[in-house]
Number of protein chains: 2
Amino acid sequence: MFADQLAEHVRQRGNPVLVGLDPRASMLPAGLLQGGAAAPPARQAEAYRRFCFGVIDVVGPLVPAVKPQMAFFEQLGPAGMIVLAEVVRHAQSRGMLVILDGKRNDIGTTASAYAEGLLGRESPWGADAATVSPYLGADSLDPFVEVAQARGAGIFVLVKTSNPGGGMLQDVVADGRTVYRRVAEYVERLAERTAGGSGYGLVGGVVGATYPEQLAELREAMPHAWFLVPGFGSQGGTAHDVAAAFDPRGGGAIVNNSRGIIFAHARAPYAERFGAARWQEAIEAATRDMIDELRGQTPAGRLTGG
Amino acid sequence: MFADQLAEHVRQRGNPVLVGLDPRASMLPAGLLQGGAAAPPARQAEAYRRFCFGVIDVVGPLVPAVKPQMAFFEQLGPAGMIVLAEVVRHAQSRGMLVILDGKRNDIGTTASAYAEGLLGRESPWGADAATVSPYLGADSLDPFVEVAQARGAGIFVLVKTSNPGGGMLQDVVADGRTVYRRVAEYVERLAERTAGGSGYGLVGGVVGATYPEQLAELREAMPHAWFLVPGFGSQGGTAHDVAAAFDPRGGGAIVNNSRGIIFAHARAPYAERFGAARWQEAIEAATRDMIDELRGQTPAGRLTGG
């Protein structure tokens, strides 16, 4: 099942880096898309396919998983969604796990419909796991858990997000408990109930790198939950900040980087070293640097069987 | 812009009924899909297309808008999403407004990507409005508002949902204010700032029919917001329950019914009168009955200028 597979992939690759696939027409390496964002959606989608396949071919041997952001594919309409499904399969054909980041949420049989469409390699989208938003409460999460369990897949519930405005609802305190803490406690119950050999369950939490104190609080509150940690790099989170996401064995968390890796060709120091034409080499260098950074400064350096 | 168009559509049709398009393989009228849910996704999607087109052809002249539930199309993978885009266009060709119910949510440029893909007839999905989930806070809603404003489209933010578990986060009380009330106050600020000639803004709220007291509280708290009211019929909400959603002029709210209308062929009293073969007549009768029910028992009977 997903939690154990993720532990095994992290162990095999020796790092907890999650590469976010956030293609954008305006940021693709020159030559991949004539006309940029003004090109017809079908041509943009084809460029996204070539770009994402190219990213996957580079990072596939290096990191355990990728996280396609559904929004950027959905932005192109049906043409983008066709490519999204191909991207999922391509990553899996390269031995990676795929977490679809769609933050879906609904109730009852509607939530089940999302879960059945997204979760498990036998499903139409074929994801190994997906992100889910919790505003609708327990009966919006349970259908995802049920389908995930039947298919050996996983979900990551938004707990404490990395954006400045996240506190508007998440940080509301009642009876001494924040809203995000309530979500965390529900996630932990589901995670504990579904824990596998790795010690982790199929329900994990999304916890931003930009709030290190909450990261530590939540690591303690959710000992059976995998953490998906966004906000590293472009949103300001550092390797030092994410250290608290890991358990004492150096496991239990994956750290996402999207733009910082896939668009490395456009940022220092990779832009000068490689330039747009050698964008795949820039991606490889940026990925290796992030792996080293996490190894040097966090318990991830102690990664063994985590 | 959307809020004024909706007021005009409600006035023209003389009722506030929103028909939810929630196709499901197992519930389609016999003959539409050989093999039911076991059929390949592409054949299921084709059956969804014929079914939804058939629903739209019946309800198009009767009600102001339809609400396709994205989950049921997404469940079929890319084949379902191709049909979803066709369903949106078909409803608009019949003179209806289309609210895409996807409860999307993300932050910053990712939220913008969803908004740009979904909102406005010139966008790939072409929706007149879309539903949005607020867990990520203000900076997850603002990008939707920005795109909606640029395109004359609308959004409906989940405020108080119709499901029993919704209270887990939405009803948390801090400093005397519920979480849903905080969301409502933010929605009202955005609605007031964008109000058009109808008195309503392009940001509305989703407020369940199953909590009549909160409906009244929220009507008062959000005088400039259109209400999208789910939970009527199959979830237990009655015409009496939804009365509080309307403003003193009988406007400002649309009441959704999905299964109760589109699968009328399978429920009393329509099953006996029409049967599966005459499913379109069953839909027409159920739609007319809901219109009458709302006219008889709520301020919607006084509908004039919306």
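Which helices and strands each supply at least two residues of the lining of the largest pocket?

**Entry 1, the ground rules.** I am working with a predicted model, in which local features need pLDDT of at least 70 and side-chain atom pairs count only at pLDDT 80 or more, while totals for chains, interfaces and linings use all residues. Residues are numbered from 1 along each chain as its sequence is written, chains are lettered from A and ligands numbered from 1 in the order in which they are written, and side-chain values use heavy atoms, with hydrogens and water left out.

**Entry 2, the largest pocket.** I looked up the lining and found that α5 (108–118) of chain A, with β3 (97–104) and β10 (253–257) of chain B, each supply at least two residues; helices (H or I, at least four residues) and strands (E, at least two) are DSSP runs, numbered from the N terminus. I noted that α5(A) gives the most, with three residues. A pocket here is an open set of points on a 1 Å grid over the protein atoms alone, where a 1.4 Å probe fits, with protein on both sides within 12 Å along at least five of seven lines, and lining residues have an atom within 4 Å of a point. The lining counts 30 residues, and Asp106(A), Ile107(A), Ser162(B), Pro230(B) and Gln235(B) lie nearest the centre of the pocket.

**Entry 3, the two chains.** I found that a turn of 180 degrees and a shift of 0.0 Å along the axis lay chain A on chain B with an RMSD of 0.0 Å, copies being superposed by least squares on the C-alpha atoms of residues with pLDDT of at least 70 in both. This is the relation of a two-fold axis. Of the residues of chain A, Ala174(A) comes closest to the rotation axis, its C-alpha lying at 2.4 Å.

**Entry 4, salt bridges.** Over all chains I have 36 salt bridges, each a side-chain nitrogen of Lys or Arg within 4 Å of a carboxyl oxygen of Asp or Glu. In one of them, Arg104(B) pairs with Glu74(A), with the closest N and O atoms 2.9 Å apart. Arg104(B) lies in strand β3 of chain B and Glu74(A) in helix α3 (residues 70–74) of chain A, so the pair joins two chains. Arg104(B) is buried at a relative accessible area of 0%, and Glu74(A) is buried at 1%, where buried means under 20% relative accessible area, exposed over 50% and partly exposed in between (1.4 Å probe, protein chains only). I also noted a network of salt bridges that links Glu46(A), Arg49(A), Arg50(A) and Glu86(A).
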